[in-house]
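I opened this entry to keep track of what I looked up, point by point. My notes follow the display.

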Amino acid sequence: MKKTIVRDLIHICCVFFLFLLLIFSLIMEAKVLWIYLLIIAPPFVLLSIYTILYVKKKIIKPIKYLSSEARFISAGDLSRKIEHRSNDEMGDFISVFDSMRSTLYEQQKQQEQFEMTRKNFIDSISHDLKTPLASISAYIEALQDGIVSTPEEEQQYLKVIENKVAVLTKLSNHLSMSYETPDTLSLSSQKVNCYSWSVDFLSDMEVECAMKGVTSEFVNAVPDSDKHNIWIDIYQFDRALQNLTSNAFRYYEKYFSISVEIRNDQFVIVIKNDGAKLDNHNLNNIFERFYTEEEVNEKGHLGLGLYISKTIINAMNGEIKVKKEAEMIQFQIVLPIL
């Protein structure tokens, strides 16, 4: 391409010079013509050389460089930054081209991360499904072979099978929402009184903590005379809070608390627990899909619970925040009041 453009420029200059020579030969005598040629020819040749060199520097050289870089892009290497120094139109074109490369590079990295996440997810879910299924199969086989000798032992086996089925159900429920977003999640929202909901929620949590043997502290700072309401899908909101509290119980050691209050015309729920081993620099990752710091998920911990909680709360125009001090971690859920 480079040689073609230069050759075409030379041809154009030669044709233009011959055209001038023809015009002058028609209107001037031979002696005068040679004098004009000696005057015009050197500047014309210098101007032609300058034009060719200018085009070569400003157009041909950048195009050659861009063509060379494009070969790397076509080979799949999008990491090379395309430099440019000129501020003219060609520089703008190269800048736009590099911006396109940068965008494609970011998309490539996201796709690679997605593929890695998907592979890890498939490996994890395969293991998590295989473990309870194998356990259920073993217990059923034991029941069928008559290994169980007493009704109490039979009930114990059935209880284990029930627990394993619950794990599979939990996996299924999480998988059904693994790719939902706040914009795609379907809600059946209704107006709910803040005080009434707080009383019911804290009462249920008190019973659950007692059953689990968890030392807990509950604070309902919403007065019984409060008339404020929130607009929520009760089932989905309960699901989001269940994921958060389950996560808290998993790492709980000595302290677990829930407080509810009205603050700055917002309904605020704060869940705290100790025993958190998460590093501060990983706090922003815990709401990501499939994120977990556990290498083995025998109990169905796929790293979807907190992602689902955030999705549900955001779909209700709410917000969830997390912060950590020492081994104490705090989740704050904020919902707008009607």
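**Overall layout.** I counted elements before anything else: the protein chain has seven helices and seven strands. I am working from a predicted model. Read from the N terminus, the order is α-α-α-α-β-α-β-β-α-β-β-α-β-β. I then looked up burial: 34% of the 338 residues count as buried. The accessible surface is about 21,300 Å², and carbon and sulfur atoms hold 56% of that. For contacts with a separation of 6 or more, I noted that 68% join residues 24 or more positions apart.

**Helix H7.** How many of the eleven residues of H7 are buried? I found nine, so this helix, residues 305-315, is largely enclosed by the rest of the structure. The buried set is Gly305, Leu306, Tyr307, Ile308, Ser309, Thr311, Ile312, Ile313 and Ala315.

**Positive phi.** I went on to the backbone just after H7, where Asn317 has a positive phi of about 65 degrees. I flagged this since Asn317 is a residue other than glycine. As a rule, most residues other than glycine have a negative phi. Asn317 sits in the loop between H7 and E6. With 64% relative accessibility, Asn317 counts as exposed, because the cut-off is over 50%.

I found another case at Asp265, which is not a glycine and has a positive phi of about 60 degrees. Asp265 belongs to the loop between strand E4 (256-263) and strand E5 (266-273). Its relative accessibility is 60%, so I logged Asp265 as exposed.

**Strand E6.** I picked Val322, which lies in strand E6, residues 319-325. Which residues does Val322 touch, leaving aside neighbours within four places in sequence? I listed Leu283, Ile286, Phe287, Ile329, Gln330 and Phe331. Ile286 is 36 residues away along the chain, yet the C-alpha atoms of Val322 and Ile286 are separated by 9.2 Å.

**H5 against H6.** I checked how helix H5 (residues 194-212) packs on helix H6 (residues 234-251): the angle is about 35 degrees and the axes are 13 Å apart. The crossing is right-handed. On the H5 side, the contact is made by Trp197, Phe201, Met205, Glu208, Cys209 and Lys212. H6 contributes Phe237, Leu241, Gln242, Thr245 and Phe249.

**Salt bridges.** The structure holds six. I looked at some of them.

- Asp98 and Arg101 pair at 2.8 Å, N to O. They are three residues apart in helix H3 (residues 89-144), so about one helical turn separates them. Asp98 is buried at 9% relative accessible area, and Arg101 is buried at 7%.
- Lys159 and Glu162 pair at 4.0 Å, N to O. Both lie in helix H4 (residues 151-176), three residues apart. Lys159 is partly exposed at 46%, and Glu162 is partly exposed at 48%.
- Glu261 and Arg263 pair with their closest N and O atoms 2.5 Å apart. Glu261 is partly exposed at 25%, and Arg263 is partly exposed at 30%.

I also traced a network: Lys81, Asp98 and Arg101 are joined by salt bridges that share partners.

**Surface patch.** I closed with a nonpolar patch of about 260 Å², made by Val45, Ile49 and Leu53. Ile49 is in helix H2, residues 30-74. Ile49 counts as partly exposed, at 44% relative accessibility.

How values were computed. Residues numbered from 1 in each chain as written. Predicted model: local features only at pLDDT ≥ 70, side-chain atom pairs only at ≥ 80, totals over all residues. Heavy atoms only, no water. Patch = residues over 30% accessible without salt bridge, like charges linked within 9 Å, V, L, I, M, F, W, Y side chains within 5 Å. Areas by Shrake-Rupley, 256 points an atom, 1.4 Å probe, with all protein chains shown as cover. Salt bridge = Lys/Arg side-chain N within 4 Å of Asp/Glu carboxyl O. Helix = DSSP H or I, 4+ residues; strand = E, 2+ residues; numbered from the N terminus. Buried < 20%, exposed > 50% of the residue type's maximum accessible area, 1.4 Å probe, protein only. Axes fitted to C-alpha atoms, helices over the stretch in contact; angles between N-to-C directions. Left-handed = near helix turned anticlockwise from the far one by under 90°. Contact = heavy atoms within 4.5 Å.
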